[in-house]
Amino acid sequence: MSFLPVSLDDFENYARENMAPASYAYYSTGSSSEETLRRNRQVYSKLLIRPKILIDVEKVSTATTVLGQKISIPICVAPTAYHGLAHHEGELASAKATAAMDTLYCLSTNSGYSISEVAAAANTRSKNALQWFQLYMEKDKSLTERLVRRCEAAGFKAIVVTTDRPRLGPRLRPARSGFKLPQHLKRANFDSDNDGDQDYMSGEMFPGMTWREIIWLKSITKLPVVIKGIFRAEDAKMAIEHGVDAIVVSNHGGRQLDSCPSTLEVLPEIVQACRGSRIEVYVDGGIRSGTDVFKALAIGARAVFIGRPILYGLAYKGEAGVKQVLSMIGRDFQLTMALAGCADVRPSTNHLLYLTLV
């Protein structure tokens with residue numbers, strides 16, 4: 001009997017059974033005891049949806065914008081490293097599938113294919129493919145600036161700076177499984193195998209990074225700057241003061257500091273801190289269903305990002321598997337909207353009317 005996934009969890013089950021065990025461990029692991037990893041998912045069950053009735057939902061629109069750029073669903077692809085562990089086409093397949101689904105793809109610094117290669121691949125599926133670039137700030141600013149210039153040349157629309165990884169979190173499952181990056185996978189966005197690679201695998205990126213680097217980054221590019229990893233209201237306010245364009249509420253998928261709150265738990269605080277500013281707020285972590293997406297948007301996120309489900313879809317059927325993942329959660333979200341009595345995702349809609357805590 002052939003395998004037929006009917007939920008995002010099914011794709012993970014397939015990946016667990018069919019990927020190399022060490023590679024699956026690398027994708028699926030959290031840090032330390034993985035308390036935060038589990039909490040990211042579990043907390044969504046504490047928030048319930050109260051449907052409104054007699055609302056016209058014959059036509060339900062999931063379309064929205066991120067930084068003024070149109071997407072068909074408020075579900076974007078989060079930056080994750082080394083897609084080549086799941087499929088030989090790696091980031092090329094993921095980017096093509098995302099472009100075909102008319103949503104946002106965020107490419108990781110740690111990609112097996114270069115910025116220009118990924119952009120070219122996405123453009124074969126849509127001339128309007130929307131792509132952002134996730135940036136690990138390097139101590140050597142010339143390396144960072146080189147990446148930014150390549151993004152500008154390739155038509156990327158924003159720079160997403162990861163701020164929650166001054167050092168690598170303690171990831172026990174990959175260590176136990178003996179994970180090592182395969183020889184055929186390289187950091188394609190760097191000119192030599194040594195550029196930043198040793199620091200990445202040994203756990204250090206740029207522990208001296210401060211707001212000074214954000215100021216510097218904004219001084220060298222006109223691309224919007226998004227900060228990924230904000231978890232406190234005072235940091236959100238600092239982002240506003242420094243002219244940041246958007247925030248991703250993220251705990252790195254539970255892979256960095258363990259025993260911290262889930263992203264959904266801190267989302268209200270960040271949304272409130274940004275209220276009245278032009279800054280947009282997104283969230284990732286633990287999102288596996290249309291109801292999860294609805295709850296995040298109801299609290300005030302403009303869009304959500306999903307990471308691991310994309311990798312598991314890639315392991316299942318490459319580009320087609322990623323499309324299945326995005327299509328499945330997109331349809332589930334649209335159905336959730338209709339069942340909840342909500343016809344569109346406009347920020348002006350008071351979605352909080354739909355939620356209650358247990």
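The numbered points below comment on a predicted model, moving from its nonpolar cores to two helices, a buried serine, the cysteines and a glycine.

1. Nonpolar cores. The largest nonpolar core has 99 residues, and those with the most contacts inside this core are I75, F133, L217, I247, V249 and L267. The element that gives the most to this core is helix α13, residues 308-340, which supplies 14 residues. Another core, of 16 residues, lies apart from it and includes V66, A158, Y282 and A303. As background to such groupings, nonpolar side chains tend to be buried together in soluble globular proteins.

2. Helix α9. In this helix, residues 211-220, the buried residues are E213, I214, W216, L217 and I220. They cover an arc of only 160 degrees around the axis, and therefore lie on the same side of α9. R212, I215 and S219, by contrast, are exposed on the other side of the helix. The cover over the buried residues of α9 includes the strands β6 (130-135), β7 (159-162) and β8 (225-230), together with helix α6 (141-154). For L217 in particular, once its neighbours within four places in sequence are left aside, the contacts are with L135, M137, V148, I159, V161 and V225.

3. Helix α11. The length of this helix can be checked against expectation: at 1.5 Å a residue, the twelve residues 263-274 should span 16 Å, and the end C-alpha atoms are indeed 16 Å apart, so the two values agree. Its buried residues are T263, L264, V266, L267, I270, V271, A273 and C274. Because they cover an arc of only 155 degrees around the axis, they fall on the same side of α11. The spacing can be read with the general rule that an α-helix has 3.6 residues a turn, so residues three or four places apart point the same way. After α11 comes G276, which has a positive phi, near 90 degrees.

4. The loop residue S108. This serine is placed in the loop between β5 (104-107) and α5 (115-123), and it counts as buried because its relative accessibility is 4%, under the 20% limit. Its side chain reaches the backbone nitrogen of N110 at 2.9 Å, while a polar contact of 3.4 Å joins it to the side chain of Q134. Not counting residues up to four places away in sequence, S108 touches P79, T80, A81, F133, Q134 and N189; of these, F133 is also listed among the residues with the most contacts inside the largest nonpolar core.

5. Cysteines. The structure holds zero disulfides. For C106, the closest cysteine sulfur is that of C76, and because the distance is 9.1 Å, the pair is too far apart for a bond. C260 is likewise in no disulfide, with the nearest cysteine sulfur, that of C274, 18 Å away. Both residues nevertheless count as buried, C106 at 2% relative accessibility and C260 at 14%.

6. Glycine 318. G318 lies in helix α13, the helix that gives the most to the largest nonpolar core, and with a relative accessible area of 1% this glycine is buried. Leaving aside its neighbours within four places in sequence, G318 is in contact with H87, A93 and G313. Its C-alpha atom is 17 Å from that of V6, a residue from which G318 is 312 residues apart in sequence.

Terms used:
Residues numbered from 1 in each chain as written. Predicted model: local features only at pLDDT ≥ 70, side-chain atom pairs only at ≥ 80, totals over all residues. Heavy atoms only, no water. Helix = DSSP H or I, 4+ residues; strand = E, 2+ residues; numbered from the N terminus. Buried < 20%, exposed > 50% of the residue type's maximum accessible area, 1.4 Å probe, protein only. Polar contact = N/O pair within 3.5 Å; in protein donor to acceptor, adjacent residues only side chain to side chain. Contact = heavy atoms within 4.5 Å. Core = buried A, V, L, I, M, F, W, Y, C linked by side-chain atoms within 4.5 Å. Expected span 1.5 Å × (residues − 1). Arc of directions from axis to C-beta. Disulfide = S-S within 2.5 Å.
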